[in-house]
Amino acid sequence: MDRIRIVGGRPLKGSIPISGAKNAALPLMAACLLTDKPLTLTNLPALADIKTLTSLLEQHGVKVTPGDRQITMEAKEIPNTVAPYDIVRRMRASVLVLGPLLARFGNAVVSMPGGCAIGTRPIDLHLGALEKMGAKIHIGRGYIHAEAPKGLKGANVRFDKVSVGATENVLMAAALAKGETVIDNAAREPEVTDLAKCLVAMGAKIEGMGTEKLVVKGVPRLEGATHKIVADRIEAGTYAMAAAITHGDLTLEGAEAEHLAALSEVLRKTGAKVEESKAGIRIAGNGAIAGADVITEPFPGFPTDLQAQYMALMAVSDGAAMITETIFENRYMHAPELSRMGANITIHGSSALVRGVEKLFGAEVMATDLRASSSLVLAGLVAEGETIINRIYHLDRGYENLEKKLSDCGAEIERLPGGR
Ligand code: EPZ
């Protein structure tokens, strides 16, 4: 398995083009199942997860035509509505085909996604909402068997906790359901809004985009569309912290300032300079990193997907920070690896107290999940000496050309093929 080698200590300077968002591209690709017309997505990031979902859609019968940073998908004939375990287990977002398959074809057999490194990741909210819309669902031998032979009907759905995936599954199902669906306590993440915008371009009737209350009037069919995928705020936030941790100066081209307001506010508290412009966001470190507490929350709060990276930044702060993870129950797998580099982190339940240390030391470390691996990259960029990160297939799921984007800004970073 590939590894990454970093020699730390260089301030990053220059500009980084931000790719299309992985967490928007995945639901948008699933939306192709809602119509027999071609759906084209542009600003498509080249990521492992996109390849995985492409193979899932192709085994359903979707005709996929890849282009240069874009993809066209045509779900004319879908002879197979089974999403198999060997694909779903590799990427939980595969469960996003459930709503579209059910809404358009009246049946779906989707493998239970199973847990992952950061938590058990149940899908009870997805299933409960679809049942309210008239689906008959039972789980057998690790698969979700869902039927709605007479189609789905609109319903009042209220999520007792904010769920990005459940909001997206129900939004897609409601677009073709008979009647009106109201989704209360809907996720407000920019990727959910991007999906809603694309569905409207396909002919869906959706109100309340960006708010916690979405109202969808079902239509009998949807058309094709061409949609540009929103910029990846988590990639941008990761590189923003790379600028801060290396006391560098980076411009993140194409990043949307309002999608990173919570992070920008915290980075300013730590002493970084954050300037927002049409071109994107510019972040400059200033030699000192003050400690600042963070609690992860659904959008527009501080994103859970930036928590691991922020822990690396606080590990070299001049003070201390209390980080509280409220979204996932096991999202501190990066902490022991950072400690092996010299970080001083104490975990108490869902909170982590990070006491800043003078410096981190390069070491051989292990990536455990996507965002944990980017946390180790940030630590490696500032650690003294060489850091080797193993199992970076985790990183390749969500970061396009990471080594090139960083080495173009002065980082000493390279990919080492092979290794354990
Ligand atoms: C999406 O996952 C993202 N993935 C995650 O990004 C992100 O961390 C997460 O939203 C939260 O923002 C994609 O968009 C592909 P949730 P999702 O449903 O939809 C619980 C990354 O690093 N829950 O909002 O699976 C769940 O266990 C990934 O890019 C239920 O209890 O997250 C969690 O505690 C990691 N029942 C909380 O809700 C359900 O039916 C939020 O999960 C569904 C979720």
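Okay, one term before we start: two strands count as paired if DSSP finds at least two bridges between them. Keep in mind, too, that this is a predicted model.

So, the strands. β8, residues 136–140, and β9 run antiparallel and are joined by 5 bridges, which clears that cut-off of at least two. One of the pairs there is G140 with Y143 of β9. The hairpin these two strands make has 2 residues between them, and R141 has a positive phi, near 50°.

β9 has another neighbour as well. β7, residues 107–111, pairs with β9, again antiparallel and again over 5 bridges. Here N107 has E147 of β9 as its bridge partner.

Now look at the side chains of β9, residues 143–147. Which of its residues are on the covered face? That would be I144 and A146, while Y143, H145 and E147 sit on the uncovered one. As a rule, side chains in a regular strand alternate between the two faces of the sheet.

On to the helices. α1, residues 22–30, packs against α7, residues 190–201, at an angle of about 35°, and the axes are 9 Å apart. That crossing is right-handed. On the α1 side the contact uses N23, A24, P27 and L28, and on the α7 side E191, D194, L195 and C198. Sorted by class, you get 5 nonpolar residues, 1 polar and 2 charged. If the spacing looks familiar, remember that an α-helix has 3.6 residues a turn, so residues three or four places apart point the same way.

Next, the inside. The largest nonpolar core has 80 residues, and M73, L171 and L199 are the ones touching the most other members. Which helix gives this core its largest share? It's α6, residues 164–175, with 7 residues. Take L171: leaving out residues up to four places away in sequence, L171 touches I183, V192, L195, A196, L199, I206, L214 and V216. And you've met L195 already, in the α1–α7 contact.

There's also a second, separate core, with 70 residues, including I234, V316, L360 and Y399. In soluble globular proteins, nonpolar side chains do tend to be buried together.

Last stop, α9, residues 261–270. Its buried residues are A262, L263, S264, V266, L267 and T270. What do they pack against? Two helices, α8 (233–245) and α10 (307–315), plus two strands, β16 (273–277) and β18 (294–295). Right after α9 comes G271, with a positive phi near 110°.

That's my tour. Over to you.

Terms used. Residues numbered from 1 in each chain as written. Heavy atoms only, no water. Axes fitted to C-alpha atoms, helices over the stretch in contact; angles between N-to-C directions. Helix = DSSP H or I, 4+ residues; strand = E, 2+ residues; numbered from the N terminus. Left-handed = near helix turned anticlockwise from the far one by under 90°. Contact = heavy atoms within 4.5 Å. Nonpolar A, V, L, I, M, F, W, Y, C, P; charged D, E, K, R; others polar. Core = buried A, V, L, I, M, F, W, Y, C linked by side-chain atoms within 4.5 Å. Buried < 20%, exposed > 50% of the residue type's maximum accessible area, 1.4 Å probe, protein only.
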